[in-house]
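Please read the following paragraphs with the sequence and the model side by side, and follow each residue in the structure as it is named.

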Amino acid sequence: MSSPDYKMKHEDIVFSSSSDELTASESNKHSFKDFVYSFKIDKDLEVGYEDITTPDDLLKDYQVKLIALATCIGGGLFVSSAAAISSAGAGGTLVGYSIVAGLMFLIVQSLGELTSTYPVKGNFLVYNSRFLDESWAFAMNWNYCLQWIVAIPISLVSASLTIQYWTDKVNPAAWVAILWVVLVGISIFGVKGYGYSESLFSLIKVIAIIMFVIAAIVLTAGGGKQGYIGGANWHPPFVNGLPGCCNTLVNAAYSFSGTELTAIAAAETANPRKALRKAMKQIFWRILVFYMLAITMVCFLVRYDDPSLLGNSKWPVSPFVIGLSNGGIKALPDIINAAILVALLSAANASVFATYKPLVALAEAGHGPKFLGYVDRKGRPMYSILIAVGFGLIGLAGASDGGSEMLLWMLAISGLSAILLWGSVSLAHIRVHRAYKVQGIDTENVPFRAVGGIWGAYCAFLVSFLILVAQFYIALYPIGGERLSASNFFKAYLAVPIVVVFYAGHKIWTRNWSLYIRAKDMDVTTGRSMMDLEVIKQEIADDKELLARKPLWYKFFNFWC
């Protein structure tokens, strides 16, 4: 939210007039002039990361809860999961998604402990420069922006492919252009529109997934025209063996990306201990129901060699829609496809807002050009917003014959970017605890303790590293593609060379040849949240006493949710 100083400096640009002085027509003209004039860039105004107005600052409570529940569920789950099924089969897909689901749970635990102990408003990237290395922080800052900015054209291309289910007579570029205009409108016309639209979109996604799961159970049990399906589509369970499983990991990472933002939001509350405990339960159910249960039921309904899957088709259809269509259910496939289209537009919209604030952070940290931090007279970083929205135009390439091929390129970039980021979070958590040990600092006094503790962080870092190794192998020896091909390698592994270039470039530019911040030199005391252990013990006792007076249904719900 804009700071008070900012508002005071710009009181002179606020136009107001009484109804006695202006006619309705003149007032409307004046309002339109104010609206246009508000986009004027003020280069003299210096703002920081926390001064930028974002949706989280102005949303209502129910909107925050709905958006946190499902806002980042989009193309990864609904569309590109088809590529995992076609390359790995049902068993391989479930194994790959399970690995990444476990990794995601450990990552949010580490983030919860870090952000509650060292509070920052959303910009958790600062932990890289504070606990690891400045050059690595530079690379990760740009990597994070890349992860989200690439998600914008991915969502638009996926949306154009989704529409092909209804008609292939219209050039997909036309759909990309139409959706891009809608995206621009939402981005320009403010946080209120974002709040109402995104909370509605999230509700639609939740209802759609529940409807699909129920319908999938019925079809699997024999309620469709195919009769009893059971585990027929699980044979063979592992297509292409171990390489097939490895091929699903980056795709799954893209599907889960954004889940970590819920933990960050909870850690910024007045009582992070309680908020994070509640958030971790919500994340657990989100992973279990919205991802694992949904992808499991898709695997029951769709065979790996279905000709409509991404990887098998020029214009692929969502596996969610394929499964329902194959079952002979009328109308529901169209409803689910429409919900998926909404989900993809929602994901593109969320990606715009997730992109522009890190761009401002780049300018503030000196890791990017200063103009990224310039704001207009309403406090909006218009250059950063325009860059984010403008990047969506790359989605027009989806009109080409290689539309689905381009989607796979961008998926690899975004998915690998997420893996690199998660590995970096785990490493920061490990290094902080190492500094505690070296400097003799108590490790018990933290607002929230990660499940698994430091060993969970080690496990997450190891899994992230192994995923990078697995993807490197897939890049060299792709399934069904030319081996040791430069084109295939960069299609699958482009994000890593990009990070290496940023890291090495910053080292050379700054002549900072130190590889990491030593544990004895690390600043782990500034800004650290300290808790009164006696107060916490009393708070826990009070909570138990209050819970004991509640009815059984409330205790059950509180335990699980």
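Helix H8, which spans residues 134–163, packs against H16 at an angle of about 45°, and the axes of these two helices lie 8 Å apart. In this predicted model, H8 and H16 are therefore oblique to each other, since an angle counts as roughly parallel under 35 degrees and as roughly perpendicular from 65 to 115. On the H8 side the residues that meet the partner helix are Ile149, Val150, Ile152 and Pro153, and on the H16 side they are Ile387, Ala388 and Phe391.

Which residues of helix H16 are buried? Within this helix, which covers residues 382–391, they are Met382, Ser384, Ile385, Ala388 and Val389. These buried residues cover an arc of only 160° around the axis, so they are on the same side of H16. Ala388 belongs to this buried set, and Ala388 is also one of the H16 residues that meet H8.

A second helix pair is formed by H6, residues 81–117, and H18, residues 453–476, which pack at an angle of about 135° with their axes 9 Å apart. Because angles count as roughly antiparallel only when they are over 145 degrees, H6 and H18 are described as oblique to each other. The crossing of this pair is left-handed. H6 contributes Ile99, Val100, Leu103, Leu106, Ile107 and Ser110 to the meeting of the two helices, while H18 contributes Gly456, Ala457, Cys459, Ala460, Val463, Ser464 and Ile467.

H18 also has helix H19, residues 486–493, as a partner, and here the axes come within 7 Å and cross at roughly 155°. H18 and H19 are therefore roughly antiparallel to each other, and H18 passes H19 in a right-handed crossing. The residues of H18 that meet H19 are Leu468, Gln471, Phe472, Ala475 and Leu476, and those of H19 that meet H18 are Asn488, Phe489, Ala492 and Tyr493. Aromatic residues recur here, for ring pairs link Phe472, Phe489, Phe490 and Tyr493 into a cluster. Of the residues in this cluster, Phe472 in H18 and Phe489 and Tyr493 in H19 are among those through which the two helices meet.

The aromatic rings deserve a wider look. With rings taken to pair if their centres lie within 6.5 Å, the count comes to 19 aromatic pairs. In one of them, the rings of Tyr127 and Phe131 have their centres 5.9 Å apart and their planes at 10°, so this pair is stacked. Tyr127 and Phe131 both lie in helix H7, residues 126–131, where they are 4 residues apart, about one turn of the helix. Tyr127 is buried, with a relative accessible area of 3%, and Phe131 is buried as well, with a relative accessible area of 0%. Another arrangement is found for Phe284 and Trp285, whose rings have their centres 5.3 Å apart and their planes at 75°, so that this pair is edge-to-face. Phe284 counts as partly exposed at 37% relative accessibility, and Trp285 counts as partly exposed at 28%.

Helix H7 also holds Asn128. Is Asn128 buried or exposed? With a relative accessible area of 4%, Asn128 is buried, because the term applies under 20% relative accessible area. Once its neighbours within four places in sequence are left aside, Asn128 is in contact with Asp133, Trp136, Ala137, Met140 and Ser424.

Ser318, by comparison, lies in the loop between helix H13 (272–301) and helix H14 (319–326). At 3% relative accessibility, Ser318 counts as buried. Not counting residues up to four places away in sequence, Ser318 touches Phe78 and Ile340. The C-alpha atoms of Ser318 and Ile336 are separated by 9.5 Å, and these two residues are 18 residues apart along the chain.

Finally, the protein can be viewed as a whole. It has 22 helices and 2 strands, and 52% of its 561 residues count as buried. Among the contacts in the protein with a separation of 6 or more, residues 24 or more positions apart account for 83%.

Technical notes: Residues are numbered from 1 along each chain as its sequence is written. This is a predicted model: local features need pLDDT of at least 70, side-chain atom pairs count only at pLDDT 80 or more; totals for chains, interfaces and linings use all residues. Side-chain values use heavy atoms; hydrogens and water are left out. Rings of Phe, Tyr and Trp (its six-membered ring) pair if their centres lie within 6.5 Å; planes under 30 degrees apart count as stacked, over 60 as edge-to-face and the rest as tilted. Buried means under 20% relative accessible area, exposed over 50%, partly exposed in between (1.4 Å probe, protein chains only). The arc is that of the directions from the helix axis to the C-beta atoms. Axes are lines fitted to C-alpha atoms, for helices over the stretch in contact, and angles run from 0 to 180 degrees between N-to-C directions. A crossing is left-handed if the near helix is turned anticlockwise from the far one by less than a right angle, and right-handed if clockwise. Contact means heavy atoms within 4.5 Å.
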